[in-house]
There are 2 protein chains.
Amino acid sequence: MGKRPALAKSELEVAQIVWKLGRATVREVFEAMPSERDLNVKTVQTYLRRLEAKGYVQTYREGRNNVYTPLVRASQVVRRLVDDFVNRIFGGQPFPLVQQLLEQRGLTDEEIDRLQCMLNRLKKLS
Amino acid sequence: MGKRPALAKSELEVAQIVWKLGRATVREVFEAMPSERDLNVKTVQTYLRRLEAKGYVQTYREGRNNVYTPLVRASQVVRRLVDDFVNRIFGGQPFPLVQQLLEQRGLTDEEIDRLQCMLNRLKKLS
DNA sequence: ATTGACGGCGTTCATTTGAACGATATAATG
DNA sequence: CATTATATCGTTCAAATGAACGCCGTCAAT
């Protein structure tokens with residue numbers, strides 16, 4: 001395991017829809033794509049095939065259709081992506097990224113509260 | 001402005017060194033690269049040329065050498081990258097990413113304190 | 001002046017990615 | 001059954017990316 005080739009951007013986009021739907025045909029994925037992202041259904045098909053080739057999804061026949069289902073959990077892939085991002089952009093240090101996210105992007109008051117709880121808990125642990 | 005083509009991974013790697021050194025020749029960049037990343041100096045040169053073509057660095061002659069200097073601030077590029085990442089992976093929501101970073105990666109106690117300060121300040125602002 | 005080292009420029013080349021077509025198979029409809 | 005629609009598979013194709021060569025010029029040491 002682990003040795004799956006990385007996902008290209010468009011592939012990830014499509015994979016995210018498969019994760020969301022749980023199981024889907026090409027057409028279903030196609031229809032679930034954001035409308036501003038205006039791809040041909042054949043293109044979506046191509047990306048699904050590539051996802052399968054890379055081992056991220058599985059396909060089985062249902063009548064004349066292919067149905068795709070995830071082979072890897074989203075959280076797992078996302079974790080890898082975050083890891084890689086932090087390593088590449090922030091030299092492996094999560095702190096500066098967190099800092100930037102807090103400053104730059106808006107968090108609701110509720111989210112701020114939840115983060116404070118998390119931080120308190122983290123501090124107690126150490 | 002603004003419409004610079006995106007940086008490829010290897011290009012970013014090289015750009016980071018230019019930012020760190022402030023100004024550097026091909027060889028200097030080459031020598032400043034992490035040793036485990038074992039690239040040919042000619043390759044580094046290629047990436048620097050591409051960085052120039054994309055408008056991220058500038059070059060001027062110094063004797064027989066080219067000296068490269070940044071044309072864009074690192075913080076600016078990093079901001080864009082973070083933005084794009086949050087959009088693509090987390091649907092534009094910074095919170096889940098922050099959450100993941102707090103859980104998964106180690107923060108020192110001091111960093112936790114600083115984050116708590118930031119959060120307090122943010123809450124007061126709203 | 002000759003040689004050799006290094007530097008730059010133009011090029012090359014394979015792979016990956018983004019995007020889609022056309023032919024064939026198959027299912028649904030009249 | 002004939003027609004039409006749709007799905008799949010194999011292919012294609014251009015641009016981007018990762019990685020490096022080779023030629024040619026110049027500067028420094030012999």
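Which element gives the most to the surface near DNA strand D? The element is α3(B), which contributes six residues. The legends below describe close-up views of a predicted model, in which local features need pLDDT of at least 70, side-chain atom pairs count only at pLDDT 80 or more, and totals for chains, interfaces and linings use all residues. Residues are numbered from 1 along each chain as its sequence is written, chains are lettered from A and ligands numbered from 1 in the order in which they are written, and side-chain values use heavy atoms, with hydrogens and water left out.

**View 1. The protein surface near DNA strand D.** There are 23 residues around DNA strand D, where a residue is near a strand if one of its heavy atoms lies within 4 Å of it. Those that come nearest are A:R49 and A:N66 from chain A and B:K42, B:T46 and B:Y47 from chain B. Of the atoms of DNA strand D that come within 4 Å of the protein, 55% belong to sugar and phosphate. Elements that each supply at least two residues of this surface are α2 (26-32), α3 (41-53) and β3 (65-70) in chain A, and α1 (9-21) and α3 (41-53) in chain B. Such elements are DSSP runs numbered from the N terminus: helices (H or I) have at least four residues and strands (E) at least two. By class, the surface has 12 charged, seven polar and four nonpolar residues. In this scheme Asp, Glu, Lys and Arg count as charged; Ala, Val, Leu, Ile, Met, Phe, Trp, Tyr, Cys and Pro count as nonpolar; the others, Gly among them, count as polar.

**View 2. Polar contacts to DNA strand D.** A polar contact is a pair of N or O atoms within 3.5 Å; within protein, one must be able to donate a hydrogen and the other to accept it, and residues adjacent in sequence count only if both atoms are side-chain atoms. In chain B, an N or O atom in the side chain of B:R37 is 2.8 Å from a phosphate oxygen of the strand. A polar side-chain atom of B:K54 lies 3.0 Å from a phosphate oxygen of DNA strand D. In chain A, a polar side-chain atom of A:N65 lies 3.5 Å from a sugar or linking oxygen of the strand.

**View 3. The protein surface near DNA strand C.** Around DNA strand C there are 23 residues, and A:K42, A:T46, A:Y47, B:R49 and B:N66 come nearest. Sugar or phosphate accounts for 56% of the atoms of this strand within 4 Å of the protein, and bases for the rest. The side chain of A:K42 has an N or O atom 2.6 Å from a base oxygen of DNA strand C. A polar backbone atom of A:N40 is 3.2 Å from a phosphate oxygen of the strand. From chain B, an N or O atom in the side chain of B:R27 is 2.8 Å from a phosphate oxygen. Two or more residues of this surface come from each of α1 (9-21) and α3 of chain A, and α2 (26-32), α3 and β3 (65-70) of chain B. The most come from α3(A), with six residues. The surface divides into four nonpolar, seven polar and 12 charged residues.

**View 4. The interface between chain B and chain A.** Each chain is listed with 42 residues in the contact, meaning heavy atoms within 4.5 Å. About 4400 Å² is buried between the chains, with 67% given by carbon and sulfur atoms. Buried area is the accessible area (1.4 Å probe) that two parts lose on being put together, summed over both. B:F95, B:R105 and B:L119 supply 16% of the area that chain B buries against chain A, more than any other three residues. Four salt bridges are counted between the chains, each a side-chain nitrogen of Lys or Arg within 4 Å of a carboxyl oxygen of Asp or Glu. One of them joins B:D113 and A:K123, with the closest N and O atoms 2.6 Å apart. On the side of chain B that touches chain A, α1, α4 (74-90), α5 (94-104) and α6 (109-125) each supply at least two residues. That side has 20 nonpolar, 10 polar and 12 charged residues.

**View 5. The two domains of chain A.** The domain assignment, whose bounds come from an automatic or database source, gives domain 1 (1-92) and domain 2 (93-126). Their centres, taken over C-alpha atoms, are 29 Å apart. Between them the domains bury about 410 Å², 68% of it on carbon and sulfur atoms. In domain 1 of chain A, A:V86, A:F90 and A:G92 lose the most area to domain 2, together 87% of what that side buries. The count of salt bridges between the two domains is zero.
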